Amino acid sequence: MNNFSNMVWVESRKAIRSRMPLWTAIGSLFMPFGIAFLMYVSKNQEIAHKLGLISAKADLVAYAADDWQAYLGLFGQLIAAGGFILYVLAVSWVFGREFADGTVKDILAVPVRRASILAAKFLITGIWSAGLALIIFVVGLALGAAIHLPGGSASVILQGSLLVLATAGLVIVVVIPFAFFASLGRGYLLPVGMAILALMMANLVAVAGWGEYFPWAVPGLLAQGKSSLTLASYAVVMLTGLAGMVATYLWWKYADQSR
Amino acid sequence: MNLTIETENLGKRYGSVQAVENLSLQVKEGEIYAFLGLNGAGKTTTIRMLLGMIKPTSGSVKVLQTPVKLGSREPWARVGYMVEVPHSYPELTVRENLEVARRLHPGTPPQAVNRVLERLGLGMYANRRTGNLSHGNALRLGLAKALLHEPRLLLLDEPANGLDPAGIVEIRELLLELTRKQGVTVFMSSHILAEVSRLAQRIGVIHKGHLIQELSAEDLEHNRRKRLLLQERDVEAAYQVLAAHGQPAKILQNGFIELKSPTAVESPEDINHLLVDAGFSPRQVIIEEEELERYFLRLVGMNGETQNE
């Protein structure tokens, strides 16, 4: 436990001093502010008239999220797509930077379990990702209140909020395998490439009707409130996260580290 | 005496490339062993196998009497190392990087950081981000990380590479002090024979993945080619006299007479007497030792046979 807390200190210090969490937090703010801005534009015809093409998009967003329930659903979908990319960046940085910066060799022949080092990395990634989800969610709530969205009963907001947070939880789980891709690719390129592929595949598979069994499509479907999701869908997500963790551990323990 | 490092028929193959083959090494406790080879000879691959970072395709490794396994925690509490170019977390300061290294070695007291900062002359850079360090100071930090937990064995890959002459002397003295006063064993790789000859008690020469020779510092002195060079006004006549007395000689382009026979090299005064008795007055009598670099190249079969004239 002492070793693990030491490793958590190490990982948190590296993350905080790099300012990467700060940059991803700033990046995550674009989501709620972007949505709120488009809704504001849609509600103000004078501004909409001046902005031209943007106003058409604003109308689309306003149409899709014209009350609290739809608005929170939109946030769930944002986390499923945009949040996913941010989380992949976080996990790629935590694991891939050891290879990109050449520091991995300094954590290999040490009297600390490889599992403790990796667990601390996963914990920091999880906290970081959850923090981003909370920022998006809390700012989204505040902006929703600021633009006076209708239909804001306590139960609607509570239910919508749970959906957003559950979506974020699922996304945090499905990005775990990207730690393995960052390790395997010894940097950032492979996980980011695989993330783009996963998003494309998620859309294709969802259109084909198999989305509820494709782990990277499940969070998006949940955010949309699709009733087709079953226990098996959640099991697939959990198994994907578990497989990512095991693969990362096995790779760090048994792969040749020749660079 | 205990063996600190023991490898038996160690080998590593990458596809069709045999990086290291049948490497059997024994490094005794408290000695400085230099692992000498050209770039790509297999030095770093060997060090990584010693550290359990690469799985050998054949043979076995024991470090501090512990069989080395991939991903194991043993015996690294007693081993300090620096592999290839020393890297650190660029966003952290020198002190923070050492703090990270300290926490990776449980049981190392917090004051070890200050101690090693002072020892490696990094005190004035303690609060500087390592991304802004010079190469020399980055190397010092790499050594500081290796020494932080007071290891019994140091595995150092090219520890003086990139240091200025003063830094090289400083590191040499530090390593000598560690072995003499604290009994630390040092296994270091290098591609510069002159550098390790002043430090190592034993030298293993690796070439194309094979350990081609192991020699002591005395062997090194003994094995290097020596020649006797004479300068004389009448070179031709002196040459004839030497030949008549059974001393094979050669007239070099620079006007010197070169003698390589053991009798000439070991007793230059006899050659001098011989010439003086024959009425010559040698202006210079020089014993020249083969340069270390040339000797090394000769050992690995590269351009070693040509001598500068």
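These legends accompany close-up views of a predicted model.

**View 1. Where chain B meets chain A.** Let's start at the contact between the two chains: 28 residues of chain B touch 27 residues of chain A. On the chain B side, β6 (79–82) and α2 (94–103) each bring at least two residues to the surface that touches chain A. The largest share comes from α2(B), which supplies 3 residues. By residue type, this side of chain B is made up of 16 nonpolar, 5 polar and 7 charged residues.

**View 2. Helix α11 of chain A and its neighbours.** Here you can follow helix α11(A) through residues 231–254, 24 residues in total. From first C-alpha to last, the helix covers 34 Å, close to the 34 Å expected at 1.5 Å a residue. Which residues of α11(A) are buried? They are A:Ser233, A:Val237, A:Thr240, A:Gly244, A:Thr248 and A:Trp252. A handy reminder when looking along any such helix: an α-helix has 3.6 residues a turn, so residues three or four places apart point the same way. The partners of the buried residues of α11(A) are four elements of chain A: α6 (114–146), α7 (154–174), α8 (177–184) and α10 (218–223).

**View 3. A cis peptide bond in chain B.** Take a look at the link between B:Glu74 and B:Pro75, a cis peptide bond with omega of about 0°. B:Pro75 sits in the loop between β5 (66–67) and β6 of chain B. That second strand, β6, also supplies at least two residues to the side of chain B that touches chain A.

**View 4. Positive phi at B:Asn22.** B:Asn22 is not a glycine, yet its phi is positive, near 45°. This residue belongs to strand β2 (residues 17–28) of chain B. Is B:Asn22 buried, partly exposed or exposed? B:Asn22 is partly exposed, because 15 other C-beta atoms lie within 10 Å, and the partly exposed class falls between 12 or fewer for exposed and 20 or more for buried.

**View 5. Positive phi at B:Gln65.** B:Gln65 is also a residue other than glycine with a positive phi, here near 65°. You will find B:Gln65 in the loop between β4 (58–63) and β5 of chain B. B:Gln65 counts as exposed because it has 11 C-beta neighbours inside 10 Å, and the limit for exposed is 12 or fewer.

**View 6. The two domains of chain B.** Stepping back, chain B divides into domain 1 (3–222) and domain 2 (226–289). Taken over C-alpha atoms, the centres of domain 1 and domain 2 of chain B are 46 Å apart.

Methods:
Residues are numbered from 1 along each chain as its sequence is written. Chains are lettered from A and ligands numbered from 1 in the order in which they are written. This is a predicted model: local features need pLDDT of at least 70, side-chain atom pairs count only at pLDDT 80 or more; totals for chains, interfaces and linings use all residues. Two residues are in contact if their C-beta atoms, placed from the backbone, lie within 7 Å. Ala, Val, Leu, Ile, Met, Phe, Trp, Tyr, Cys and Pro count as nonpolar, Asp, Glu, Lys and Arg as charged, and the others, Gly among them, as polar. The expected span of a helix is 1.5 Å times one less than its number of residues. Domain bounds come from an automatic or database domain assignment.
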